[in-house]
Amino acid sequence: MSSLLVDNVGELVTNVPAVGGDGPLGIRRGVALLVEAGRVVWIGPGRYAPAADRRIDAEGGAVLPGFVDSHAHLVFAGDRATEFAARMAGEPYTGGGIRTTVGATRAADDDVLRGTVRRLREEAMRQGTTTMEIKSGYGLTVADEARSLRIAAEVTTETTFLGAHVVPAEYASRPDDYVGLVCGPMLTAAAPYARWVDVFCERGAFDADHARAILTVGQAAGLGLRLHANQLGPGPGVRLGVELGAASVDHCTHLSDADVDALAGSASAGTSAADGSTPAAGSTTTVATLLPGAEFSTRSPYPDARRLLDAGVVVALATDCNPGSSYTSSMPFCVALAVREMRMTPAEAVWAATAGGARALRRTDVGVLRPGARADLMILDAPSHLHLAYRPGVPLVRQVLHNGVPQCRL
Ligand SMILES: [Zn+2]
């Protein structure tokens, strides 16, 4: 069995808090890391590193768990650059442009969609993203939702059925009929390719009754639950997500005190280890996933991350990569936004973009670096994680290991 040693590590972010505490990132220095069969098998002082078949010299750079991007919409055709330019010139964002992408996506053949998914997945990988959730939601017919998920499943196991992204134009006058389609034949066709089901619960999209119906039948079909909630205004989405045991409610831009209390309650109920490092098996925590790329790209107020963190809510960061409201695949950019615009500390933002994303996908094998974890990691051209926010827009990710395999160097 081939082994790979990563040594000369300037700073190792493990996300495993040490006894006695050196912060939530569990930072270690002067260590090396041994990888075998796609897993981390040993972490210890560099001078005691075992022999290995191959070696990567981190050259004093920081090594972090790969980013876990738990919210992305990569299966689409066309772009909406002119809509973005109009928005920057003063037009408000309403979410209505989703239908533009639906038309282009339906008209595209499989290879066009596959090409976009692979291009964006590789783009994200080069920026350190080793786990990426991908949603359907631009097909909105039985056949187009199923093929979107089939194509997404070629590059990730974290696939999400989002037939309830928007009511398509042909159902505009009869949204109940569309919800019936989503809950029936569309779910049946999508479920074999999906791990999760999601609903855009927002004024102008799907109300609480629709969302509850779709999530309930999705859960009965064996899918985990996630929700787009409270992005454009206050609403019932966050509390519905907590009530139904969703793994994550995403956006969380407009929250009431009751929303924050519900999320905090789920966090305290769903954490087993006293240090918060290990989610309980079958965790019931609902993570608040913040998507600052969307606020950046729609010039909207950012979510109040401090209010959530100070209340004890588990927070994740993700890109929301999509052609309309957040066309970025860059988790480092989201970390920088979270620190600069949302007053998260660099440590909180890095944790949220790695371990937080893993929690939002209810994964314990990624987002951490410890023996037994998946060997998904990045090596920075920088001595510490601080540089991800300190040097915004700079391609600091020098090397990525995915399942222990070095990816192409930039
Ligand atoms: Zn989204």
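# Notebook: a walk through the predicted model

**Entry 1: helix α11.** I began at the start of α11, where a side-chain oxygen of Ser 330 comes to within 3.0 Å of the backbone nitrogen of Phe 333. A reminder to myself: this is a predicted model. Next I looked up which residues of α11 are buried, and the list holds Met 331, Pro 332, Cys 334, Val 335, Ala 336, Leu 337, Ala 338 and Met 342. Phe 333 is not on that list; its relative accessible area is 26%, and buried would need under 20%, so I wrote it down as partly exposed. Just past the helix, I noted that Arg 343 has a positive phi of about 60 degrees.

**Entry 2: aromatic rings.** How many aromatic pairs are there? I count five. In one of them, the ring centres of Tyr 171 and Tyr 178 lie 5.3 Å apart with planes at 55 degrees, so I call this pair tilted. Are these two tyrosines buried or exposed? Tyr 171 and Tyr 178 are both buried.

Then I met Phe 333 again, this time with a partner. Its ring centre is 5.1 Å from that of Phe 296, and the planes stand at 85 degrees, so the pair is edge-to-face. Phe 296 belongs to helix α9 (residues 292-298) and Phe 333 to helix α11 (residues 331-342), so this pair ties together parts 37 residues apart in sequence. I also checked Phe 296 for exposure: with a relative accessible area of 41%, it is partly exposed.

Two more ring notes. Phe 76, Tyr 138 and Tyr 327 make up one aromatic cluster. Elsewhere, I found the charged end of Arg 226 sitting over the ring of Trp 196, 4.5 Å from the ring centre.

**Entry 3: the zinc ion.** Which atoms hold the zinc ion? I found His 71, His 73 and His 228, each through NE2, and Asp 320 through OD, at 2.0 to 2.4 Å. The angles among the four donor atoms run from 83 to 167 degrees, and the site is irregular. To see why, I tried the tetrahedral rule: all angles would have to lie between 85 and 135 degrees, so this site does not pass. Along the chain, the donors follow the spacing H-x1-H-x154-H-x91-D. His 73 and His 228 link distant parts of the chain: His 73 is in the loop between β7 (67-69) and α1 (81-88), while His 228 is in strand β12 (residues 224-229), 155 residues apart. I looked up their exposure as well, and both His 73 and His 228 are buried.

**Entry 4: strand β16.** I turned to β16 (residues 377-380) and found both faces covered. Leu 377 and Ile 379 point to one side, Met 378 and Leu 380 to the other, and all are buried. What does β16 pair with? Strand β6 (residues 62-65) runs antiparallel to β16 and is joined to it by three bridges. Strand β17 (residues 397-402) is also antiparallel to β16, with four bridges. Met 378 turned up in both pairings: Leu 64 stands opposite it, and in β17 it stands opposite Val 400.

**Entry 5: one exposed threonine.** I ended with Thr 188, which is found in helix α5 (residues 175-190). Its relative accessibility is 59%, so Thr 188 counts as exposed. I also looked up how far it lies from Asp 57: the two are 131 residues apart along the chain, and their C-alpha atoms are separated by 49 Å.

Conventions
Residues numbered from 1 in each chain as written. Predicted model: local features only at pLDDT ≥ 70, side-chain atom pairs only at ≥ 80, totals over all residues. Heavy atoms only, no water. Donors = N, O, S within 2.8 Å, 3.2 Å for Na, K, Ca; no water. Tetrahedral: all angles 85-135°; square planar, octahedral: opposite > 155°, others 65-115°. Helix = DSSP H or I, 4+ residues; strand = E, 2+ residues; numbered from the N terminus. Buried < 20%, exposed > 50% of the residue type's maximum accessible area, 1.4 Å probe, protein only. Phe/Tyr/Trp six-rings, centres within 6.5 Å; stacked < 30°, edge-to-face > 60°. Lys NZ or Arg CZ within 6 Å of the ring centre and 35° of its normal. Polar contact = N/O pair within 3.5 Å; in protein donor to acceptor, adjacent residues only side chain to side chain. Pairing = 2+ DSSP bridges.
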